[in-house]
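Please open the structure in your viewer and keep the selection tool at hand. The tour moves from the whole chain to single residues, and at each stop it says what to select and what is there.

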Amino acid sequence: MLDVRVDENPVPIATLPTPKDRDFCQIGNFGPHNLHENRPGSFQSEETIFATYHNAGVRVFDIKNQFEPKEIASWVPPPPKKLIDPRAGVALAAQTCDCYVTPEGLMYVSDWNAGLHVLQYEG
């Protein structure tokens, strides 16, 4: 999280919590990949962030207190039955990439190896 009240001087004030429900570093490609953007016609919030974390799936954060963000929801897809990614050494694990959330809370989540998932965020 950055305080950007002064454009010329962004100040780091917090980080989003790291998923702790599994040792995702041991399963393959782990870490933040993309965020749902507050675009016109989509779900918009100044208090909720939707992020994809490769093999740690989708993570939803409450940032009402910008100094102490909290994870409020998560979803990790099952491992794919086979790899679509042709590169050597790729783990047989979810690779959640992108997330789009509709105003009604439908989440469209893409995965390198498992296609598209549709979820429902209910707040």
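What follows is a walk through the chain, one selection at a time.

**Before you start**

This is a predicted model, in which local features need a pLDDT of at least 70, side-chain atom pairs count only at pLDDT 80 or more, and totals for chains, interfaces and linings use all residues. Residues are numbered from 1 along each chain as its sequence is written, and side-chain values use heavy atoms, with hydrogens and water left out.

**The whole chain**

Select the protein chain and show it as a cartoon, where you should find 0 helices and 9 strands. Both kinds of element are DSSP runs numbered from the N terminus, with helices (H or I) needing at least four residues and strands (E) at least two. Read from the N terminus, the order of elements is β-β-β-β-β-β-β-β-β. The C-alpha atoms fill a box of roughly 45 × 30 × 25 Å, taken along the principal axes.

Now switch to a surface view, for which the accessible area of the chain comes to about 7700 Å², with 53% of it belonging to carbon and sulfur atoms. Such areas come from the Shrake-Rupley method with a 1.4 Å probe, and for residues only the protein chains shown count as cover. Of the 123 residues, 37% count as buried, a word that stands for under 20% relative accessible area, while exposed stands for over 50% and partly exposed for the range in between (1.4 Å probe, protein chains only).

**The start of the chain**

Select D3, which has its place in strand β1 (residues 2-3). Is D3 buried or exposed? With a relative accessible area of 17%, D3 is buried. Its side chain makes a polar contact with the side chain of R5, at 2.4 Å; a polar contact is a pair of N or O atoms within 3.5 Å, where within protein one must be able to donate a hydrogen and the other to accept it, and residues adjacent in sequence count only if both atoms are side-chain atoms. Leaving aside neighbours within four places in sequence, D3 is in contact (heavy atoms within 4.5 Å) with N9, P10, V11 and I13.

Go next to I13, one of those partners of D3, in the loop between β2 (11-12) and β3. I13 counts as partly exposed, at 26% relative accessibility. Add F67 to the selection, and you will see two residues that are 54 residues apart along the chain while their C-alpha atoms are separated by 5.9 Å. Besides F67, the residues that I13 touches include M1, L2 and Q66, when residues up to four places away in sequence are not counted.

**A loop residue**

Select G41, in the loop between β3 (30-35) and β4 (48-54). This glycine counts as exposed because its relative accessibility is 56%. Y100 and P103 are its contacts once neighbours within four places in sequence are left aside. If you add P17, which is 24 residues apart from G41 along the chain, the two C-alpha atoms are separated by 28 Å.

**A buried arginine**

Select R59 in strand β5 (residues 58-62). R59 counts as buried because its relative accessibility is 0%. Which side chains make polar contacts with the side chain of R59? One is the side chain of D21, at 3.1 Å, and another is that of E71, at 3.2 Å. Show the surroundings of R59 as well, where the residues touched, not counting those up to four places away in sequence, include P19, F24, I49, F50 and Y53.

**An unusual backbone angle**

Select H54, which is found in strand β4 and counts as buried at 6% relative accessibility. Most residues other than glycine have a negative phi. H54, although not a glycine, has a positive phi of about 50 degrees.

**The last stop: two cysteines**

The count of disulfides comes to 0, where a disulfide is a pair of cysteine sulfur atoms within 2.5 Å. Select C97, which is in no disulfide, with the nearest cysteine sulfur, that of C99, 11 Å away. C97 is buried, with a relative accessible area of 3%. C99 is likewise in no disulfide, and this cysteine is buried with a relative accessible area of 10%.
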